[in-house]
Amino acid sequence: MRTAVLLAIAIVMLVVWIFPVAWGLLTSFKTERDVLAYPPEVIFEPTLVNYHDVFFGGASIVPNLISSLIISGLTTALTMLFAIPAAYALARLDLPWKHATGFWVLATQMLPPVGLVIPYFLLLRKVGWTDTYQGLVLVYLTFALPFAIWLLVSYFEEIPREMEEAALLDRAGRLRALWHVILPQAKGGIAVTVIFVFLNSWNEFLFAVVLGGNTVRPVTVAMFNFISLEQTQWGRLAAAAMVGMAPVIALGLLAQQHIVKGLTVGAVKGGGRR
């Protein structure tokens, strides 16, 4: 009975999650007449005109996809570059003000993003970094770095200290122990962190629409090209959404094995300690 109830709950949750995506996919193959038909049509003659307009039309989002890839890729790379040694230090080293530093990192996640838009805009305008890649990457880094540090700390703390101590006894040094012992054991956690950081950067809209412009215009902002006061081009908007989802889905599929290991390592190890 319990298994049946859990299965039913899982199916309901899956349907609730997948329905908007499936409906958006169907809409992307509809003409505007089919989109506005009432009652909604599930059986229709599909068309690729929406995808043609999204890729090759006057409102093509290809340049915006490139901008999003640059911003998200740089943000993810820089975040991991700084987050890995910072998380290792918080998890392994006996540093002065360690707990205060950890609390400060956590406190930065409590700030409402909307309250920081104007200060960030004034600061970037002062240094001439509005509508630039480095400006948006810097802003995204301030949010991604604390999140990544706290996520990685939990994975680093799960790795037995004996493995690292054995490397240190062999005169490996902290950096070599981190590279050859800690990182291979934390591949799953690193993969999870990379996915979340990339996903958050890719989907961000608020700072992109305020701090970006004509030169740097991520795909989340470019989708507004299909929305106007007169009408919303639902077919093209749905096609743009499907195209915008593709890189994140591809990244998730490529790192699927490491993600599953990373999400289950804490539960497995925790169960072993009981």
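Select helix H7 (133-158), which contributes five residues to the lining of the largest pocket, the most of any element. Helices here, and strands, are DSSP runs numbered from the N terminus (H or I of at least four residues for helices, E of at least two for strands). The model is predicted, so local features need pLDDT of at least 70 and side-chain atom pairs count only at pLDDT 80 or more, while totals for chains, interfaces and linings use all residues. Residues are numbered from 1 along each chain as its sequence is written, and side-chain values use heavy atoms, with hydrogens and water left out.

**The largest pocket**

Next, display Tyr 140, Phe 143, Ala 144, Asn 200 and Glu 204, the closest to the pocket centre among the 14 lining residues. A pocket is defined on a 1 Å grid over the protein atoms alone, as an open set of points where a 1.4 Å probe fits, with protein on both sides within 12 Å along at least five of seven lines; lining residues have an atom within 4 Å of a point. The space in this pocket is about 280 Å³, a volume being the space filled by probe spheres set on the points, which are joined across faces, edges and corners. Add helix H10 (187-203), which, like H7, supplies at least two lining residues. By class, the lining has nine nonpolar residues, four polar and one charged. In this scheme Ala, Val, Leu, Ile, Met, Phe, Trp, Tyr, Cys and Pro are nonpolar, Asp, Glu, Lys and Arg are charged, and the others, Gly among them, are polar.

**H7, H10 and H4**

Keep H7 and H10 selected: their axes lie 10 Å apart at an angle of about 160°, which makes the two helices roughly antiparallel. Axes are lines fitted to C-alpha atoms over the stretch in contact, and angles run from 0 to 180 degrees between N-to-C directions. Angles under 35 degrees count as roughly parallel, over 145 as roughly antiparallel, 65 to 115 as roughly perpendicular, and the rest as oblique. The H7 and H10 crossing is right-handed, meaning that the near helix is turned clockwise from the far one by less than a right angle; anticlockwise would be left-handed.

Now add helix H4 (residues 62-92), whose axis comes within 6 Å of that of H7 and crosses it at roughly 40°. H4 and H7 are therefore oblique to each other. Their contact comprises 25 nonpolar, three polar and two charged residues. H4 also packs against H10, at about 140° with the axes 9 Å apart, and this pair is oblique too. H4 passes H7 in a right-handed crossing, and its crossing of H10 is right-handed as well.

**An aromatic pair**

Select Phe 29 and Tyr 51 next. Their ring centres are 5.3 Å apart and the planes stand at 45°, so the pair is tilted. Rings of Phe, Tyr and Trp (its six-membered ring) pair if their centres lie within 6.5 Å; planes under 30 degrees apart are stacked, over 60 edge-to-face, and the rest tilted. Phe 29 sits in the loop between helix H1 (2-28) and helix H2 (32-35), and Tyr 51, 22 residues away, in helix H3 (residues 49-56). The whole structure holds nine aromatic pairs.

**Two loops**

In the loop between H2 and H3, find Pro 39, joined to Tyr 38 by a cis peptide bond with omega of about 0°. Then move to Asp 131, in the loop between helix H6 (117-127) and H7. Asp 131 is not a glycine, yet has a positive phi of about 55°.

**The whole protein**

Finally, show the entire chain: 14 helices and zero strands, with C-alpha atoms filling a box of roughly 70 × 65 × 30 Å along the principal axes.
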